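Hello,

Here is the structure I promised to hand over. Please open it before you read on; my notes follow below.

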Amino acid sequence: MLKKNAKKLLISILFLVFSVTTYVCSPFLINFNNDKKAGIENLISELIFYKVNIKGNIQYKLNPLPSLEISEVHIKNDEENSILNKIVLNVSIFDLLKNKFSYKNILINSGEFIINLNNLEILSSIEEFDNKKINFEKVNIKFFDNKQTFSINEFSGNILYKNKKIDKINGKFYVGDILFKIKFKENQLSLKSPEINFKASIENFLNPKKLIKLDYNNSSIFPGVESIFASFTYEQNKNKFSLITKEFETNIFSGLININNNNEKNIIVLDGYFENSKFKKISNTDLATFLSQNLNLLANLFDGRIKLSFNNFKSDKEVFENIKLNVLFQNGDIFFEDINIYSDNNSINIKGRNITYQKDNLFFYDVIFSTKNLKRLCAQICDDKFLIDKAIDGEFKLQSKGILNINKSKITVQENFVNREFNDNEIQKLNTNLNSIVIFGKLENLFDLPRYFTLL
């Protein structure tokens, strides 16, 4: 009896050793030939809706979990392409030996992943991902459609699918050097960036009509704006969208904004209307920084038209009361189609184009300034009585064309009219005085109106 039990024990031990040995050696038994490779490519392609080509190796690993590790995965469609450094699928060795490609969770490790904005609804509901988790480690993600692209960098986190739909998202990513944290749960998306005191939430994120809230407390790219709170409703119909404010408030102005692309050219148009703005808090340095740095940053973010109206605003000297802006961003260039700053007595109208040429940030301008009484205007803003006495007691109108080199803080006047056209010698003298007396090498002096009266 004892010999019989010992024999059974020995057989059991041998079977266990054989099973463990077979399991451990199984990765070496799998031959990832072209057929298997094509099968895996088709599997991944069906999941992400892009053509997939595996250029690297395919390996089966047991540690830390049984998984299929695929390197250098090329993804492409008609418009975009990218490379993922590594995809790891949690799969059963027995399924692979049977030529099956069933899997559990997925890890996408570094590289770049592309997402077609037109496929967002499809990607949010994938039957094969039901009850699966997609993990990301430092993956750059490029979003695109036939009009535009934008990217987030080093996304790390996970996406959980439940009932064949995205149930939760938890992760972090960078935009430039700024870290953002993202969460999605119960159809609500939230974004936070402690570094810049930014918060955003989107309710009904997967629905056609959404509610968007923004809360931003920091110095922003807009002159004088240190905090923003906004609440929007968002609706989309095919490739058209509209974003309408329910609330929009900053520390210096409040009003209404409407953003849409409901036009023949399908470009983004932002319409804004504001009352009783407090522009006293905007310094000349703020304006210079916006013109030299932040305006170009905005122009490179998107192509579109911005139309803003500020009525009855409060400024330091109260020379002007209203502003109407019509500006076009196109391929990084800025077209000032109409800027009108005015009150009952004074007005400035500016048109022109801002481009970057080699290393110079150039503004080709056409400006018209007029006032009903120049002496009264000088008395309002000038501290020097000598300048007030020199000013004309009556109407005054100036027309001027030229180039402002923004990063060199230098103006070159090409044409100038005050009652008559300036001749070449007068233009040369005007340029010398503008740059040596008015601007004096500092871009902020461009916005200091009293300095211009020294030219009288």
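What percentage of the residues of the protein count as buried? The figure is 42% of the 456 residues. Please keep in mind that this is a predicted model.

**Overview**

The protein has eight helices and 24 strands. About 27,000 Å² of the protein is exposed. Carbon and sulfur atoms supply 52% of that area. Now the contacts. Take those between residues at least 6 apart in sequence: 42% of them join residues at least 24 apart.

**The positive patch**

Start on the surface. Ten lysines are named in one positive patch: Lys-133, Lys-138, Lys-162, Lys-168, Lys-172, Lys-181, Lys-183, Lys-185, Lys-192 and Lys-199. Which strands each supply at least two of its residues? They are E6 (133–144), E8 (165–175) and E9 (178–185). E9 gives the largest share, with three residues. Lys-199 sits in strand E11, which covers residues 198–203.

**Ser-193**

Next, look at strand E10, residues 188–193, where Ser-193 is found. Is Ser-193 buried or exposed? Ser-193 has a relative accessible area of 1%, and therefore counts as buried, the cut-off being under 20%. Which residues does Ser-193 contact, leaving aside its neighbours within four places in sequence? They are Ile-178, Leu-179, Phe-180 and Phe-198.

**Glu-72**

Glu-72 belongs to strand E3, residues 67–76. Glu-72 is partly exposed, at 37% relative accessible area. Leu-84 is 12 residues away along the chain, yet the C-alpha atoms of Glu-72 and Leu-84 are separated by 5.7 Å. Leu-84 is also one of the residues that Glu-72 touches. Not counting residues up to four places away in sequence, the others are Asn-53, Ile-54, Lys-55, Gly-56, Ile-83 and Asn-85.

**Salt bridges**

How many salt bridges does a search of the whole structure find? The search finds six. Three of them are described here.

- Arg-305 and Glu-337 meet through their side chains, at 2.7 Å from N to O. The pair links distant parts of the chain, 32 residues apart. Arg-305 is in strand E17 (residues 304–311), and Glu-337 is in strand E19. Glu-337 counts as partly exposed, at 34% relative accessibility.
- Asp-333 pairs with Arg-353 in a salt bridge, with the closest N and O atoms 2.8 Å apart. These two also come from distant parts of the chain, 20 residues apart. Asp-333 lies in strand E19, and Arg-353 in strand E20 (residues 346–357). Asp-333 is buried, at 18% relative accessible area, whereas Arg-353 is partly exposed, at 36%.
- Asp-360 forms a salt bridge with Lys-408, and their closest N and O atoms are 3.8 Å apart. This pair too links distant parts of the chain, 48 residues apart. Asp-360 is in strand E21 (residues 360–371), while Lys-408 is in the loop between E22 and E23. Lys-408 is exposed, with a relative accessible area of 54%.

**Two positive phi angles**

Finally, check the backbone at two loop positions. Most residues other than glycine have a negative phi.

Asn-331 is not a glycine, but its phi is positive, about 55°. Where is Asn-331 found? Asn-331 is in the loop between strand E18 (322–330) and strand E19 (333–342). Why does Asn-331 count as exposed? Because its relative accessibility is 67%, and exposed means over 50%.

Ser-409 also has a positive phi in a residue other than glycine, near 50°. The loop that holds Ser-409 runs between strand E22 (396–405) and strand E23 (410–418). Ser-409 is buried, with a relative accessible area of 12%. So Asn-331 is exposed, whereas Ser-409 is buried, since 12% is under the 20% cut-off.

Best wishes

How values were computed. Residues numbered from 1 in each chain as written. Predicted model: local features only at pLDDT ≥ 70, side-chain atom pairs only at ≥ 80, totals over all residues. Heavy atoms only, no water. Patch = residues over 30% accessible without salt bridge, like charges linked within 9 Å, V, L, I, M, F, W, Y side chains within 5 Å. Areas by Shrake-Rupley, 256 points an atom, 1.4 Å probe, with all protein chains shown as cover. Salt bridge = Lys/Arg side-chain N within 4 Å of Asp/Glu carboxyl O. Lys, Arg positive; Asp, Glu negative; His and termini not counted. Charge placed at Lys NZ, Arg CZ, Asp CG, Glu CD. Helix = DSSP H or I, 4+ residues; strand = E, 2+ residues; numbered from the N terminus. Buried < 20%, exposed > 50% of the residue type's maximum accessible area, 1.4 Å probe, protein only. Contact = heavy atoms within 4.5 Å.
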